[in-house]
Amino acid sequence: MGIFNKLSNLHKSLIFMGALTFLALLGKILCVNLIFDIKLTLSSAFLLIILKIFGFKRAIIAAIIVNALEFYFFDRGVLPIMGLLEILTVGVFYKFKQKNLILLDTLYWILACIALAGYYMFLSPTNMGIEALSSFFIYLIVGIFNSMLADVFSTYVPYERIYFVDGVFRRPPTLIQFMVHLSIASILGPFMIYLAVSSWNFERNIENDAKAKSHDAAQYIINQTKTWTRENIRDLKLKSVLQLGYLAEITQNDARNTNFKISLADANSKFKDNNKVEHYVNNNYIMGEKLDRVNLSNSNEFYLWLPEKTYINFGESRWNNAAYFLESDFYGFEIILSLPIEFYRNEIFNNYMMQAKILMLFTFLVGVFIFVINKVVLKFVSKLLQVSTGLPEKLRNHQDQSVLWPGSNVFELNELAVNFIAMSEDLRGLISEYKTMYDKLERKTLLLVESEQKLHELAYYDVLTGLPNRFYFTDYLKNLLDEIMKRNNIDSSSAAVMLIDLDRFKQVNDTLGHLAGDLLLKAVSERLNNVLLKYPRNKRFIARIGGDEFVIILNDLNNIEIMQIAQSIISDLKSPVDLEGQEAYIGASVGISAFPDDADNMVDIVKNADLAMYASKGSGGNNFKFYSSIKNLGIPNKMKLEHGLHKALENNEFLLYYQPKINAKTGLVTGAEALIRWKHPEDGMIMPDQFISLAEESGLIIPIGEWVLRRACQQVREWKKNGHSIDQISVNCSILQFQQVDMVDLVNKVLSETGITPSNLELEITESMIMKDSDRVVGQLLRIRNLGVNVAIDDFGKGYSSLSALRGLPVTSLKIDKSFVNNIPEDKHNVAVIEAIIKLAHNIGLDVVAEGVETIENVNALKALDCDEFQGYFFERPLSQDMFIEFFKEKHKWLELV
């Protein structure tokens, strides 16, 4: 992973460096033109950022790429060379000294400008114009501005997050750094904006002034030559030197036009739209170009002319020979008036020198301001930081007398020092109090440790026997299994859980009392410990996890040793126990489960030991069983169901089937009885007669019954939502629900949740429920009927209850038990009973449902006896919800019987 991280970091850094290089090149292209081709570019800022972040080598590579492209495509002057030298020179010093980047770049541009100025003065002292000096000053300012931007970016921008995965972040900038950056930015930022705007305005003003002067001079000449004779004009056409001198004399007579030079040209000798023009300047003909940015007039042409660029030279040096030209028609010729740009040199010099003075003045004032702030504030803050660092430790070691707090003449700073002194005194007092409290706390901690040990014993040990309890047993077994599973070869390690349940302990406890029972448990724990004494402590663990249940964990023992321990335990516990003069005889049922053979987790290994213990107890007790020996023979069904029943509800293993109820007169489906099924993950579908009684014994019938009621009502809502007109769903209830739950509240809550009408629900109860707890059950049934819910007596006739007693019960229908229906019409006795039940039920306003209808003979007999509804296999067995809907939608054979 380390190699991949390094490659990822390298990839990110190359992308980041490439982006900075591209921005540097873009800065060359998208520069701001100042006066006389002096450019404001931010290219160096990005190259200096590369230098500071990625180092000297990568910065040189980026500088060569950017400046070479500029030199080849844009500017073959000296500026690309100076840009490359800037990174080379500053980079060398920065690589070895790591000094301030702004200072190094400033020194470079000062020395570079001095060197260039000296070089140009040496080559051409007469041509060293003010434009070059001004440009040197501006390039110095631009260089400082670029270095400031680079330093600010590398100081404040968290660039490490862009390409570092696990980079070490930089220390935040100091206050003096922030002050310097803020000061330089506050000076150079506005100054650069002012420089760009003022330079543009200044150049425009010069052009406008030159244009006005040229037009005035041309007009003056034309006015003065209106009196010329034909001979004068002829001499002019012959390019008479005398006439040209006369024109120059006319121009010089006007005080405003003393700087103009005059020449004549044939109007047809050149093309008007040619941008390349050759002019006679300083006794030489020089090829140059017109600048498009100067406005042209209709009758004549005014433009700025510049000599062509030369290689390896400042672009602005060609402005020494630059001039404004006005070409105007004059007696078939073109008179050319030229106004050299040097006419404005003093104005240029004064403008830029004024800006330089203002900048230097502001720089000086800001420097003084920073110096004063550093002396007055920053040094005080720095010393205060130094003194207050580690102050609590100094005070804790009684070294507060050696602390020299700084003072200041500034009121606020002095008050800050006073506050720190006061806080240190308070802190010293608190430390003293803390030490006192610490001593007290240390003493109390010792008491607390002792109390914690006692609490630990209470939490993890059985008070009666002194053995570990269930919590300790759970932690120990979990840690042991985790340790075994961490080993390389799990097959070479094993563990066994031996669950011990005492036989006949309840008899002793009930006969001799709880005191005798406690003595018996102590004696059993001692005997168990004696059996295990010959084995190392790391291989055996014993705990009491319940009333008369003990558990032993054996580690790295083979089956023979485990069997010997189990036999010894059973043999020792057979011996009589003396309980203060009373002898008690008990035994033990032992169940053993091994890891990893019988289970691969803590829950299953304990459960399997429990099942083996039940098997041992089921075989008469006073013996032991291995889970491996009973799992192949089959675990007793009741034990298996009891264990699985606890998890069936939370694992969504229950589902409902629906048996249709048929109207005897119309043959239509009037409703259904909801019948629970248990889809066991191992044994498949289990019928309710196999687990309902067990659920009632364990009390699980309460949550199961609530689930059945809610799910059946939800199913009716779904059927009605889908357009199926099923009028009623019947749900069976247990006596425990009426005894332990407020069934009225439960039914009302479920009806509210599902939104079905009360008449859609029917509760089925048995005769025995009313006979066992008639007052409580009947009271709740009355309130349920008041809600509008129907009530039916299921399996009617089995309990041989009095038919007259039905008159006072809040029921709406009777369901005749299938034992009466099976043999009709052959069994005349059953026919008579059913006839009596139906007549009596109808007389008191009850409907009658016949269960167990399986033959056409049953159907015809029941119809003859005026039964209301049928339910049985003749029509259909209980169906899943989807199959029930299919049954409901089809036209069935019994419709022909109506």
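### Loops, helix pairs and a pocket

P596 sits in the loop that runs between β14 (587–595) and α18 (602–618). In this predicted model, the bond that leads into P596 is a cis peptide bond: F595 and P596 are joined with an omega of about 10 degrees. A second cis bond turns up between I824 and P825, again with omega near 10 degrees. P825 also belongs to a loop, the one between α27 (818–821) and α28 (828–843). Another backbone oddity is R504, which isn't a glycine but still has a positive phi, about 65 degrees. R504 is placed in the loop between β9 (495–503) and α15 (505–512). As background for these three spots, most residues other than glycine have a negative phi, and most peptide bonds are trans.

Moving on to helix packing, a good place to start is α2 (residues 43–54) with α4 (residues 79–97). Their axes come within 11 Å and cross at roughly 30 degrees. Angles under 35 degrees count as roughly parallel, and α2 and α4 are therefore roughly parallel to each other. The crossing of α2 past α4 is right-handed. On the α2 side, the contact uses S44, L47, L48, L51 and K52, and on the α4 side E86, I87, V90, G91 and Y94. Sorted by class, the contact of α2 with α4 has six nonpolar residues, along with two polar and two charged ones.

Next comes the pair α16 (residues 514–532) and α17 (residues 559–574), whose axes come within 10 Å and cross at roughly 145 degrees. Here too α16 passes α17 in a right-handed crossing. The residues that meet are V524, R527, L528, V531 and L532 from α16 and I565, S568, I569, D572 and L573 from α17. In terms of class, the contact between α16 and α17 breaks down into seven nonpolar, one polar and two charged residues.

Further along the chain, α22 (701–721) packs against α30 (residues 881–889) at an angle of about 45 degrees, with the axes 12 Å apart. That angle makes α22 oblique to α30. Once more, the crossing is right-handed. R711, Q715 and W719 of α22 make the contact with Q881, F884 and I885 of α30. The class count for α22 with α30 comes to three nonpolar, two polar and one charged residues.

Helix α22 shows up again in the largest pocket, since it is among the elements that give two or more residues to the lining. This pocket holds about 1,400 Å³ of space. A total of 42 residues line the largest pocket, and those nearest its centre are E673, L675, P688, N732 and D794. Besides α22, the helices that put two or more residues into the lining are α21 (692–698), α23 (735–740) and α25 (767–772). The strands that do so are β16 (654–663), β17 (669–680), β20 (761–766) and β21 (790–796). Strand β17 supplies the largest share of the lining, with five residues. As for chemistry, the lining of the largest pocket is a mix of 17 nonpolar, eleven polar and 14 charged residues.

Notes:
Residues are numbered from 1 along each chain as its sequence is written. This is a predicted model: local features need pLDDT of at least 70, side-chain atom pairs count only at pLDDT 80 or more; totals for chains, interfaces and linings use all residues. Side-chain values use heavy atoms; hydrogens and water are left out. Axes are lines fitted to C-alpha atoms, for helices over the stretch in contact, and angles run from 0 to 180 degrees between N-to-C directions. Helices (H or I, at least four residues) and strands (E, at least two) are DSSP runs, numbered from the N terminus. Angles under 35 degrees count as roughly parallel, over 145 as roughly antiparallel, 65 to 115 as roughly perpendicular and the rest as oblique. A crossing is left-handed if the near helix is turned anticlockwise from the far one by less than a right angle, and right-handed if clockwise. Contact means heavy atoms within 4.5 Å. Ala, Val, Leu, Ile, Met, Phe, Trp, Tyr, Cys and Pro count as nonpolar, Asp, Glu, Lys and Arg as charged, and the others, Gly among them, as polar. On a 1 Å grid over the protein atoms alone, a cavity is a set of points where a 1.4 Å probe fits but cannot get out, and a pocket is an open set with protein on both sides within 12 Å along at least five of seven lines; lining residues have an atom within 4 Å of a point. Grid points are joined across faces, edges and corners, and a volume is the space filled by probe spheres set on the points.
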